[in-house]
Amino acid sequence: MTDDRCDHGLIVGQCGHCKPVPHGLTATVWTTRGGSVFHRTVACEALAEGQARAARFARGVHQPTRTALADAMAQGRGACIPCFPAYRPSRTAKPCLVHEDGRWLPGLLTEWRRGRDGRWSGVVSYAADGEQVTALKDQDDLRPAP
């Protein structure tokens, strides 16, 4: 290999297996065949809630498997917010609290939008009842993270 290629034959810095792990993530993660996110540990409460939800709706419960972060990201999975609270997929993403069913849940605010009525809404991602949700929430349903 030339000096500008990694062991996988790709340009250094572009190989998901060789480039540094993004701040707030780990090199290996846990995934399930039916899930859409990756977790830091199999003891994650959001993972357990997702497994329970899958069982309730007879969608099949799959055992978590240890996976390389690069593979999980290549599959289009996102980071579990409770597992990786320090991870920001972009420089502008900010941690927040999201009001959902009478609870304040940890979330990640990625964009503010102003409506025709002058009120602000935020595009947020958060875990609720074992599912990763991305939604547009009214300003009253969002708070800065502590």
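Start by selecting Ala58, just after helix H1: here the backbone takes a positive phi of about 50 degrees. Keep in mind throughout the tour that this is a predicted model.

Now step back and select H1 itself, residues 45-56. At 1.5 Å a residue, its 12 residues should span 16 Å, and the end C-alpha atoms are indeed 16 Å apart, so expectation and model agree.

Next, color Ala46, Leu47, Gly50, Gln51 and Ala54, the buried residues of H1. Turn the view until you look down the helix axis: these buried residues fall within an arc of 140 degrees, so they line one face of H1. An α-helix has 3.6 residues a turn, so residues three or four places apart point the same way. On the other side of H1, select Glu45 and Arg56, which are exposed.

What do the buried residues of H1 pack against? Show strand S7 and you will find it there, packed against by those buried residues.

Stay with S7 (residues 120-128) and add strand S8 (residues 131-138): the two run antiparallel and are joined by 8 bridges. Two places to click along this pair are Gly122, which stands opposite Lys137 in S8, and Ala128, which stands opposite Glu131 in S8. Between the strands of this hairpin lie 2 residues, and Asp129 takes a positive phi near 55 degrees.

Finally, display the whole open sheet of 5 strands, with the order S8-S7-S6-S5-S9 and antiparallel pairing. At its edges are S8 and S9 (142-144), each pairing on one side only. Ignoring direction, neighbouring strands of this sheet are turned by 40 degrees against each other on average.

How values were computed
Residues numbered from 1 in each chain as written. Predicted model: local features only at pLDDT ≥ 70, side-chain atom pairs only at ≥ 80, totals over all residues. Heavy atoms only, no water. Pairing = 2+ DSSP bridges. Helix = DSSP H or I, 4+ residues; strand = E, 2+ residues; numbered from the N terminus. Expected span 1.5 Å × (residues − 1). Buried < 20%, exposed > 50% of the residue type's maximum accessible area, 1.4 Å probe, protein only. Arc of directions from axis to C-beta. Contact = heavy atoms within 4.5 Å. Axes fitted to C-alpha atoms, helices over the stretch in contact; angles between N-to-C directions.
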